[in-house]
Amino acid sequence: MSKRRPTLTALAAGLALLLAACSSGTAGGEDSASAGPTTGGTLRVGFSDDTGNYDPQQRPQLHARTISRQITDTLTDQDPETGEILPWLATHWEISDDTTQFTFTLRDDVTFSDGTPFDAEVVKANLDRVVEIGPLAYVAAGYLRGYVGSEVLDDGRVRVTFDQPNAQFLQATATQSLGLLSLDTLALSPEEVAAGNVVGTGPYVLDSYVPDQSITLTAREDYDWGSPLYENRGRAYYDTVEVSFIPEATTLAGSLASGQIDVAYILDAASADTIEASDAELVSTAMPAISIPIVPFVYRDVFADEHTRRALSLATDRQAIVDTVFQGRYEPATGVLTTTNPGYVDLSDELTYDPDQAETELEQAGWTEVGSDGIRTNAAGERLAPSIEYVGSGTSTEALLQLLQQQWKQVGIDLVLKPVAEASEDALHQHDYDLSTWSQTRADPDVLRTVYSSFYENQSFLYDNADPELDQLLGTLQTTVDPAERLKVSEQVQRLILERGYTVPLYDLTQYTAHAAGVQGYHTDIEGKPLFVDAWS
Amino acid sequence: MTAFLLRRVAQMVVVLWGAITLSFALVHLVPGDPVRIMLGGGSGETAASASPEQEAALRSQLGLDQPLLLQYLGFLRRVLTGDLGQSYSTGQPVTASIGAGLGSTVQLGGTAILAAVLLGLLFALAGVLLPGRAVRSVVQSVTVLGVAVPSFWLAVVLIQVFSFTLGWFPAFGSNGVQSLVLPALTLALVTAGTIAQLLTRGLTDALGEPYADTARSKGLGRSRIVLGHALRNASIPVLTMVGMMVGGILSGAVIVETVYGRPGIGRLFVEGVRAHDFPLIQALIILTGGLFVVVTLLVDLAYRWVDPRIRTGVPA
Amino acid sequence: MSVETLVRRRPVVRWAAPGAVASVLLLTVVVLWAALPGLFAPYDPVSDLDAAHALSGPSTQHWFGTDLLGRDLYSRVVHGARLSVSAALIAVLVSLVIGSALGMLAGYAGRGVDTVIMRATEVMVAIPGLLLSLAFVSILGFGVTNVALAVGIAGIPSFVRIARAETLRITSRPYFDAARCAGTGHLVTLVRHVAPNAVGPVLVLAGLELGGAILSVAALSFLGFGAVPPTPEWGSMVSEGRTHLATAWWLTTFPGAVVAATVLATNRLSRGVRGANR
C-alpha cells in the first residue's frame with residue numbers, strides 16, 4: 001500500500017474475527033513437493049517503503065508489521081479460513097463471562113533470541129508498556145482500552161483485567177501490534193526500539209537495519225514453536241532474509257521480473273502488468289480494510305458544514321477512478337469497509353455519483369456564487385478550494401488525485417494538490433491542509449474505532465469535533481460479543497459516517513505482492529504479509 | 001615549488017573557509033525562520049505543527065538562541081573539530097551518515113570518470129581518424145549529445161533497455177560490480193561528450209601545427225601523427241578539466257543515485273533537502289567544497305608534472 | 001580563462017549550416033509552444049481526459065500517445081514548454097543581473113571589493129552546481145519559481161567572471177579615463193560606459209547558460225521539487241512516466257527527447273553566435 005499511501009497513516013492492524021476466505025497466496029511448492037524443502041540460502045526481498053520504525057507495538061504500517069511477523073510471535077494466532085483463534089505462545093486461556101478478565105496459560109519452552117525465557121512476567125511487561133507509551137502505540141493501546149492491569153499468577157499464567165467488556169481483545173492478541181518483546185527491549189526507549197533494537201521469540205532475528213537501505217534477518221537455529229498456521233514450525237528454511245528498500249515502483253517490479261530479487265512487497269497496481277509478463281508470480285490479497293477514502297477534516301473551516309462534505313462524495317465518479325487510474329485492478333468502494341471485511345455492509349446506494357445533487361448540497365452550504373474559473377465562492381468571497389497533502393510524485397495516488405480534481409471541478413470545487421517529499425509524523429490536526437487519504441487494514445469492524453472515536457483525540461479524524469453519537473456506537477461495537485448484533489452496530493456506524501460526510505470512500509484495495517518462480521512455499525497471511533518461515537528455494 | 005604549494009594551500013583554506021561560511025549563511029541569513037522551516041514542510045508559514053517546546057529545543061540545539069556572531073564562531077569551532085552536528089531526521093551525527101555514503105559515491109564517481117575518459121578518447125580518435133569526412137562529422141556530432149541529454153532521462157532509458165528489456169544489469173542497489181555498471185555508464189556518457197570535444201579540438205589544432213606538417217612531410221600517416229604526438233598535447237586540457245568533472249559527477253550523482261537507488265552522498269543530499277535536514281546539507285556543502293579544492297590542487301600538481309614548462313602562474 | 005568556461009564555451013565541432021537551420025527551426029517551435037501553447041496543442045493538457053484511449057501509444061490522434069488518465073502527451077509537452085522554458089529564462093536572468101552587477105562592481109572598484117567578490121565566487125564554483133541549487137531550494141521552498149531562482153543563483157559565478165573581465169578591459173582603455181576625468185559619478189560611468197560594452201559577451205554567455213539552465217530546472221523538477229500536478233513540466237513528466245516505464249515507453253521518451261533537442265539547439269546557436277561575435 002505504501003506507494004499509494006499518500007499521507008501519514010498507512011495503518012494496518014490485526015486479523016479477522018469472522019473472515020471466511022480471502023485470496024491470500026497459497027503455498028506454491030506442491031508440484032515439486034517430492035524434492036521437499038531445502039535449508040539454506042538467502043531470500044532477497046524488495047520493500048517498496050522503509051517505514052523507519054520497527055517496533056512491532058508502535059506505528060503499524062504494513063512494511064513494519066511484515067518485519068514484526070518474522071521476528072516476534074504472539075499469544076494466539078488466527079485461522080484465516082475459519083476465523084478461529086488458535087493457541088500459540090499461550091496454550092490455553094479462560095475468559096470471564098463478562099469478557100473483562102482473560103487468563104492465559106503459557107508455553108514453558110519458549111525463549112527470546114537473547115536467551116532470556118518467555119514467561120508471565122514478560123507478557124505483563126509487554127501489555128503494561130503498550131499502555132504506558134500510549135499514543136505512540138495508539139493502535140495497540142486502542143485494543144487495550146479499559147486496561148486495568150495484568151496479574152502474574154505464576155511463571156506460566158497471567159491474568160489480564162479490563163474495567164469493561166472487551167470483546168475484541170482475544171483477537172487482538174493474535175495481531176502483530178501485540179507482538180511480544182524481551183524485557184531488555186522493553187527497557188529501551190521507544191526511539192531505540194523503533195531504530196531496530198528488537199528482540200523477540202520469532203523464527204528470524206533482526207540482525208541489522210540500515211535506514212533507507214536494508215534489513216537483515218537471520219534464522220534462529222533453535223526455533224521450535226511456530227504458529228499452528230505455519231507449515232514449518234521449526235527453524236526457517238532460508239538462513240537469511242535480506243530486505244532492500246526499492247521505493248521506485250517500476251524498479252521494484254523490474255527487479256523482480258529480471259531476477260534481481262526473489263520477493264517484491266508491495267507493488268503498485270500499475271506494475272502488475274510487468275509481473276504478469278514475466279515468469280514471476282503475482283499474489284493478490286483483497287485487503288480486509290477500510291475502503292480507501294478521502295477524508296475531509298471536520299475541524300477545518302471549509303468542511304465545518306456537512307453539506308459540503310457530502311457534496312465531495314456525490315461529485316466523485318468511483319467507477320471512472322478504478323477504470324482509469326487502476327486499470328480495473330481494484331473495485332470501487334461500496335461501503336465504508338471493504339467487501340472482505342467481516343463488518344462489511346453494502347451501502348452502494350449512499351455512494352452514487354450524482355453531480356447535480358452535489359451542487360445542491362454545495363448551494364445549501366452557502367457556496368452559491370460560481371466564479372469565471374468555474375469555482376464556487378461563498379458570501380464571504382472565499383473560494384471553495386480545499387487542499388490535500390500527499391507523498392509521492394508520479395505515483396498512482398497522484399494520478400488519482402488529478403482525476404478527482406477534474407471530477408470535483410465539474411461541480412465547482414477546486415482541489416488543490418500539495419505534494420510533499422516526506423510524510424509528517426505529527427498528529428493529523430496540526431497540518432495546513434483540509435483533506436487526507438489513508439488506509440487501515442484490520443479484518444474487524446472495530447477498525448473504525450481507531451480513527452473516528454475520541455479515544456486518542458489527537459489521532460482522531462474528528463479532532464476537537466468528537467461526535468458523541470458516533471463515540472457511543474463505536475463503544476458498543478467494542479463491547480458487543482454476538483456477531484449478528486455486531487454487524488448491526490457496524491452498519492449503524494457506517495451509515496452515520498456517510499450521512500455526516502466524515503469520509504469519501506473511493507475504492508477497495510487489492511494488495512499486490514509477487515515472488516520469483518523459484519521460490520517455493522511462499523504464502524501470505526490474511527493481510528497479505530508474507531510468511532518467510534515457510535519459504536524455500 | 002614550495003612557494004607555489006604554500007600559495008595554493010592558502011587559497012584552499014580560504015575557499016574552504018568560504019564554504020563553511022556559506023553553509024552557515026544558508027541557514028541563518030535566509031528569509032524565514034530555519035527552525036520553522038525544519039519543523040514545517042517548506043515555507044515558514046506551514047510550520048503550525050510543532051509545539052513551542054519542540055521549537056525551543058531545536059533552537060537551542062542549533063544554538064539559534066545566541067547572538068549571530070557567537071553562533072558563527074561556535075559553528076566554525078565545531079566544524080574545525082569535526083563536529084558537524086546531528087542529522088535532524090535520523091538523530092545520528094551527520095559525519096556517520098556521510099561516512100556511510102562516501103565510499104559508494106567515490107566508487108561510482110571513480111568508475112564513471114575512468115569510463116568517461118576512455119569513451120571520450122575513443123570518440124575523439126574516431127572523430128579524427130576514421131576515414132571519410134562525413135563519418136568523422138557524424139561521430140563528432142554525437143559527442144555534442146552528451147552535453148545536451150538530461151542525465152535523469154538517460155538513466156531511465158538505460159534502465160529500460162539494459163535492465164528491464166535485456167536483463168543484463170540490475171536496475172537497483174549497490175551489490176557488486178554488476179550494479180555499478182548502469183549508474184557509472186550514465187554518468188560517464190554525460191561527461192564523455194565534453195572530454196571528446198576537448199580532445200577533438202586539441203587533436204584538430206595539433207594536426208594544423210607546423211610539427212604535424214613536418215611529420216607529414218616525413219611520410220608519417222595521420223594515425224601515427226595523432227597517436228605519437230598530437231594526443232599528448234591534446235590531453236593536457238583534459239587534465240585541467242578533472243576538477244570540473246568531479247563537480248559534474250557529484251551533481252550527476254544526485255540524480256543517478258536517486259534513480260538507481262544507490263546509497264551515496266548525492267542521494268543523501270536529496271533526502272536532506274526533502275527533509276529540510278539542514279545540518280546534513282551544511283555538512284555536505286562543506287564536504288563537496290573541500291573535495292573540489294583538494295582535487296583541483298592535485299590536478300594543478302599533476303599538470304605541472306606533466307608539462308614542466310609551466311613554472312609560473314596558477315592555472316585554473 | 002577558467003577551466004569551466006574553457007570547457008563550456010569553445011566550439012569544437014563546426015556543424016554544417018543545416019545544423020544551425022534545424023536549431024533555429026526547433027527553437028522557434030519551442031518558443032512558439034511556450035508563448036502560444038493553445039495554438040499548437042490539440043487538447044487541453046489538464047482537463048481533456050480521453051479515458052477510452054488512456055495509456056495508449058503514439059497514433060495519428062495522439063502524436064506522443066496518452067498518459068494514464070488519457071491526457072494527450074503532445075499537448076502536455078507543448079504546454080510544458082511554457083513552464084520549463086520560462087523557468088530557465090528566469091534562472092538565466094537572475095544569474096545575469098546579479099552576476100553582471102557583482103562582476104562590474106568587482107572590476108570597477110578593485111582592491112578589497114574585488115577580492116571579496118572573487119573569493120566568494122570561487123567558493124560558489126567549488127560547490128557542484130546542482131547541489132548548490134538544491135541547497136537553495138531547501139531554503140526557498142519547493143515550486144517552479146523557487147527552482148528557477150535557485151538555478152539562477154548557482155549560475156552567478158560565470159557572469160561575475162565575464163562581467164569583471166569585460167569591465168577591466170574597458171576601464172583600461174584611454175577613452176574611459178577621459179570619461180572619468182570629465183567628473184562623471186561612479187554609477188553613471190558604470191551604467192553609461194561599462195555596461196553597454198560588456199553587454200555583448202554577457203549575452204553570449206547567457207545563451208550558453210540557457211541550455212544548462214533548462215537541464216537543471218528539469219532535473220530539479222524530476223526530483224520532485226518543481227511543478228505541482230497537474231501542471232505539465234518536462235522534468236516532472238519524465239518522473240511521472242517512470243511508474244509505467246515497462247509498459248508505456250512514450251511517457252518518458254518524448255518529454256526527455258524534447259529536453260535534449262532543445263538544449264542541443266540552444267547550445268548550437270549560442271556557439272554560432274559567439275563564433276560570429278569574434
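**Exercise 1. Overall form of chain A**

Task: In this predicted model, how does the radius of gyration of chain A agree with that of a compact globule?

Solution:
- Step 1. Chain A has 537 residues, and a compact globule with that number would have a radius of gyration near 24 Å.
- Step 2. The value for chain A is 23 Å, which agrees with the globule.
- Step 3. The C-alpha trace of chain A spans about 70 × 55 × 40 Å along its principal axes.
- Step 4. Of the residues of chain A, 59% count as buried.
- Step 5. Take the contacts in chain A between residues at least 6 apart in sequence: 72% of them join residues at least 24 apart.
- Step 6. The secondary structure of chain A comprises 15 helices and 23 strands.

**Exercise 2. The contact between chains B and C**

Task: How many residues of chain B are in contact with chain C, and which helix of chain B gives the most to that side?

Solution:
- Step 1. The contact involves 50 residues of chain B and 44 residues of chain C.
- Step 2. On the chain B side, the elements that give two or more residues are helix 1 (2–28), helix 6 (133–148), helix 7 (151–165), helix 8 (178–207), helix 10 (222–259), helix 11 (265–274) and helix 12 (278–306).
- Step 3. Helix 10 of chain B gives the most, with 11 residues.
- Step 4. By residue class, the side of chain B that touches chain C has 32 nonpolar, 17 polar and one charged.

**Exercise 3. Cis peptide bonds**

Task: Where in chain A is A:Ile266 found, and where in chain C is C:Pro230?

Solution:
- Step 1. Most peptide bonds are trans.
- Step 2. A:Tyr265 and A:Ile266 are joined by a cis peptide bond, with omega about 5 degrees. A:Ile266 lies in strand 12 (residues 263–267) of chain A.
- Step 3. In chain C, a cis peptide bond joins C:Pro229 and C:Pro230, and omega is about 5 degrees. C:Pro230 is in the loop between helix 10 (186–222) and helix 11 (234–241) of chain C.

**Exercise 4. Positive phi in chain C**

Task: Why does C:Leu55 count as partly exposed, and why does C:Arg111 count as exposed?

Solution:
- Step 1. Most residues other than glycine have a negative phi.
- Step 2. C:Leu55 has a positive phi, near 55 degrees, and is found in the loop between helix 3 (37–40) and helix 4 (73–109) of chain C.
- Step 3. C:Leu55 counts as partly exposed because it has 19 C-beta neighbours inside 10 Å, where 20 or more would make a residue buried.
- Step 4. C:Arg111 also has a positive phi, near 45 degrees, but its place is in helix 5 (residues 111–126) of chain C.
- Step 5. C:Arg111 has 8 C-beta neighbours inside 10 Å and therefore counts as exposed, the cut-off being 12 or fewer.

Methods. Residues numbered from 1 in each chain as written. Chains lettered and ligands numbered in written order. Predicted model: local features only at pLDDT ≥ 70, side-chain atom pairs only at ≥ 80, totals over all residues. Contact = placed C-beta atoms within 7 Å. Helix = DSSP H or I, 4+ residues; strand = E, 2+ residues; numbered from the N terminus. Nonpolar A, V, L, I, M, F, W, Y, C, P; charged D, E, K, R; others polar. Rg over C-alpha atoms; globule rule 2.2 N^0.38 Å.
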